[in-house]
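User: Please take a close look at one strand of this model and its surroundings. What does it pair with, what does it touch, and how is it tied to the rest of the chain?

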Amino acid sequence: MQVSKITKIIELDPQRLDFTIKVRVLRKWNIRSKYNPNEVWLTEMILMDEEGDVIQSTLFKNLLHKFQGQLLEGFAYLIVSPTLRMKNETFLLREQQNKINFLPTTIVINSPNFTTTGNGFSFADFPLILSDHFPTNQFIDVIGAVVEKPIMDTSKQRHLLEIKLQNFQFEHSISCKYT
């Protein structure tokens with residue numbers, strides 16, 4: 001199969017319909033149906049290219065049977081002819097404003113020769129978090145210890161868990177809310 005030129009994540013253009021990306025699946029998780037908790041509604045992934053840039057990806061329910069077993073966390077792939085869409089989430093998993101979606105015509109090929117030194121993490125310094133000068137509408141990665149975990153608030157439609165994190169270099173702790 002002839003594969004078109006590899007497009008870097010930073011060069012992706014929503015106007016382009018035919019492109020190929022070479023990525024590693026960093027994280028992969030399932031979102032269950034709110035009507036049937038035993039049913040997977042969609043699969044979300046964080047993909048990283050060889051430059052270390054990351055993008056979020058969605059695999060919808062109607063295509064799970066085709067791609068679910070092909071895309072494994074930690075492995076690299078060529079993804080031929082996916083589509084690029086603007087994200088409409090309140091919280092961004094990464095700074096990238098677009099999202100890769102799979103189509104019935106998308107092709108996934110194993111790519112064993114994937115080379116990068118990046119790990120896809122976006123760590124935030126603890127003092128920056130304490131100063132409240134970091135973006136509150138996107139996820140960040142933190143290394144710290146959970147020092148307090150209260151009971152989850154399930155009274156609302158989205159569950160809320162507030163935990164206290166403490167960094168070993170600082171005596172301060174911060175509260176984080178997870179939904």
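Analyst:

**Strand E2 and its surroundings**

E1 and E2 run antiparallel and pair over 9 bridges. This is a predicted model. Within the E1–E2 pairing, Asn30 stands opposite Thr43 in E2. E2 is also joined to E3, again in the antiparallel sense, by 7 bridges. There, Leu47 has Ile55 in E3 as its bridge partner. The hairpin of E2 and E3 has 4 residues between the strands. Gly52 in that hairpin takes a positive phi near 90°.

E2 is mostly covered, with 9 of its 10 residues buried.

**The sheet around it**

The two pairings belong to a wider arrangement. An open sheet of 7 strands runs in the order E5-E6-E3-E2-E1-E4-E7, with mixed pairing. Its edges are strand E5 (83–86) and strand E7 (107–110), each of which pairs on one side only. On average, neighbouring strands of this sheet are turned by 40° against each other, direction ignored.

One parallel pairing joins strand E3 (residues 54–60) to strand E6 (residues 98–101), over 3 bridges. In this pairing Thr58 has Asn101 in E6 as its bridge partner.

**The start of E2**

Val40 belongs to strand E2, which spans residues 40–49. Beyond its neighbours within four places in sequence, Val40 contacts Asn30, Ile31, Arg32, Lys61 and Leu64. Take Leu64 from that list. Val40 and Leu64 are separated by 24 residues in sequence, and their C-alpha atoms are 8.7 Å apart.

Ile31, another contact of Val40, sits in strand E1 (residues 20–32). Ile31 counts as partly exposed because its relative accessibility is 33%. Together with Trp29 and Trp41, Ile31 forms a nonpolar patch on the surface. The three residues have about 280 Å² of accessible area together.

**Salt bridges**

The structure holds 4 salt bridges. Three of them bear on this region.

Start with Lys61, which is also a contact of Val40. Lys61 forms a salt bridge with Glu39, with 2.1 Å between the closest N and O atoms. Glu39 lies in the loop between E1 and E2, and Lys61 in the loop between E3 and helix H1 (64–67), so the salt bridge ties together parts 22 residues apart in sequence. Lys61 is partly exposed, because its relative accessibility is 38%. Glu39 is partly exposed too, with a relative accessible area of 23%.

The next salt bridge involves E2 itself. The side chains of Glu44 and Lys99 meet at 3.4 Å, N to O. Glu44 lies in strand E2 and Lys99 in strand E6, so this pair ties together parts 55 residues apart in sequence. Both Glu44 and Lys99 are buried.

Now the loop after E2. The side chains of Lys22 and Glu50 meet in a salt bridge, at 3.5 Å from N to O. Lys22 is in strand E1 and Glu50 in the loop between E2 and E3, so the pair links distant parts of the chain, 28 residues apart. Lys22 counts as buried because its relative accessibility is 14%. Glu50 is partly exposed, with a relative accessible area of 27%.

**A backbone detail elsewhere in the sheet's loops**

Ser81 is found in the loop between strand E4 (76–80) and E5. Its phi is near 60°, a positive value in a residue other than glycine. Most residues other than glycine have a negative phi. Ser81 counts as buried, because its relative accessibility is 18% and the limit is under 20%.

**The whole protein**

Step back for the context. The protein has 2 helices and 10 strands. Along the sequence they follow the pattern β-β-β-α-β-β-β-β-α-β-β-β. Of the 179 residues in the protein, 36% are buried. Among contacts with a separation of 6 or more, 52% come from residues 24 or more positions apart. The accessible surface comes to about 11600 Å², and carbon and sulfur atoms account for 53% of this area.

To return to the strand itself: E2 pairs antiparallel with E1 and with E3. Most of E2 is buried. A salt bridge from Glu44 reaches Lys99 in strand E6.

Conventions:
Residues are numbered from 1 along each chain as its sequence is written. This is a predicted model: local features need pLDDT of at least 70, side-chain atom pairs count only at pLDDT 80 or more; totals for chains, interfaces and linings use all residues. Side-chain values use heavy atoms; hydrogens and water are left out. Patches are made of residues with over 30% relative accessible area and no salt bridge: like charges are joined within 9 Å, nonpolar side chains (Val, Leu, Ile, Met, Phe, Trp, Tyr) within 5 Å. Accessible areas come from the Shrake-Rupley method with a 1.4 Å probe; for residues, only the protein chains shown count as cover. Buried means under 20% relative accessible area, exposed over 50%, partly exposed in between (1.4 Å probe, protein chains only). Contact means heavy atoms within 4.5 Å. Two strands pair if DSSP finds at least two bridges between them. Axes are lines fitted to C-alpha atoms, for helices over the stretch in contact, and angles run from 0 to 180 degrees between N-to-C directions.
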